[in-house]
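Here are three short exercises to work through with the structure in view. Try each task yourself before you read its solution.

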Amino acid sequence: MLNIPTLLIHGYASDLTAEQPLINQLQQAQAHLVLKILINSDNHFQITQFANLIRQHALIAVGFADNRQYDILQSAAQLHALLRLLYQKYHLRGVNCIAHSRGNQVVMAEWLYYQHQQCSRLVKYVALGGNFNGTLHYDEPLDNRIVKCKPAKMTTTYQRLLTWRHSLTMNDKLQVLNIYGDLGNGDDHQVSVTSARSLHYLLRNHLITYQELMLALTHQQLFTAKQSAQAITNFLWN
């Protein structure tokens, strides 16, 4: 797994610059930034290449020019176009992925909706502060909880993801590390523990390994902190 490149996906209203602190942390663990790719709204790519993609611990920083898109399937289509490019131009059969915040909804939408189309496929996946079942004070159901792994209440987006999951076969599986924040009151100031942990039910029966890690960090700190980088390094490369 050492030579599988790892994509970094930012969240809503964010951009490539937000990924740099985590890149800096991972580079201290001998990771290497090999590509920066900005996806324009018309699915054209601005690509800056720094090194060969087969370098050990290669990182690919991915940005969305349309970073305030509410439709996750439209963003997922852009990510899918990128994965097709990586497959066709760079001959990558597999990639790992680190996603932050709403970027996790996009990653899951791509993986579930486009599962059987030819492109670079997801091997290992790290979720950071994933708002899978809603965001605090926006669309997360009030007083939500998880009962026997299943969210008691579900957002429209989460229900869409569940619908797309039905196309998966038992051979479609992922290795997952789900990192979420809890500042003592069940959330990271933007995403609740309940919403983040809803990933497990979404992927049930389609997991090779599934690990959860709670950190006492804010939503933004999950994408920058040394604790996150260390956990990611251990999961992806050790």
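**Exercise 1.** In this predicted model, find in which order the strands of the open sheet lie, and which strands form its edges.

*Solution.* Start by tracing the sheet from one side to the other: its 8 strands follow the order β3-β2-β4-β1-β5-β6-β9-β10, with mixed pairing. Next, look for strands that pair on one side only; these are β3 (45-49) and β10 (207-215), the edge strands. Finally, check the twist: ignoring direction, neighbouring strands are turned by 20 degrees against each other on average.

**Exercise 2.** Work out whether each edge strand runs parallel or antiparallel to its partner.

*Solution.* Take β10 to begin with: β9 (residues 174-181) is parallel to β10, and 8 bridges join them. Here I179 stands opposite L213 of β10. Now turn to β3, which pairs with β2 (residues 32-39) in the antiparallel sense through 5 bridges. One pair to look for is L38 with its bridge partner Q46 in β3. The two strands β2 and β3 make a hairpin with 5 residues between them, and N43 in that turn has a positive phi of about 65 degrees.

**Exercise 3.** Describe how helices α1 and α7 cross, and which residues meet there.

*Solution.* The axes of α1 (residues 20-27) and α7 (residues 226-237) come within 9 Å and cross at roughly 60 degrees. That angle makes α1 oblique to α7. As for handedness, the crossing is right-handed. At the contact, L22, Q25 and L26 of α1 meet K226, A229, I232, T233 and W237 of α7. Sorted by class, this contact has 5 nonpolar, 2 polar and 1 charged residues.

Technical notes
Residues are numbered from 1 along each chain as its sequence is written. This is a predicted model: local features need pLDDT of at least 70, side-chain atom pairs count only at pLDDT 80 or more; totals for chains, interfaces and linings use all residues. Side-chain values use heavy atoms; hydrogens and water are left out. Two strands pair if DSSP finds at least two bridges between them. Helices (H or I, at least four residues) and strands (E, at least two) are DSSP runs, numbered from the N terminus. Axes are lines fitted to C-alpha atoms, for helices over the stretch in contact, and angles run from 0 to 180 degrees between N-to-C directions. Angles under 35 degrees count as roughly parallel, over 145 as roughly antiparallel, 65 to 115 as roughly perpendicular and the rest as oblique. A crossing is left-handed if the near helix is turned anticlockwise from the far one by less than a right angle, and right-handed if clockwise. Contact means heavy atoms within 4.5 Å. Ala, Val, Leu, Ile, Met, Phe, Trp, Tyr, Cys and Pro count as nonpolar, Asp, Glu, Lys and Arg as charged, and the others, Gly among them, as polar.
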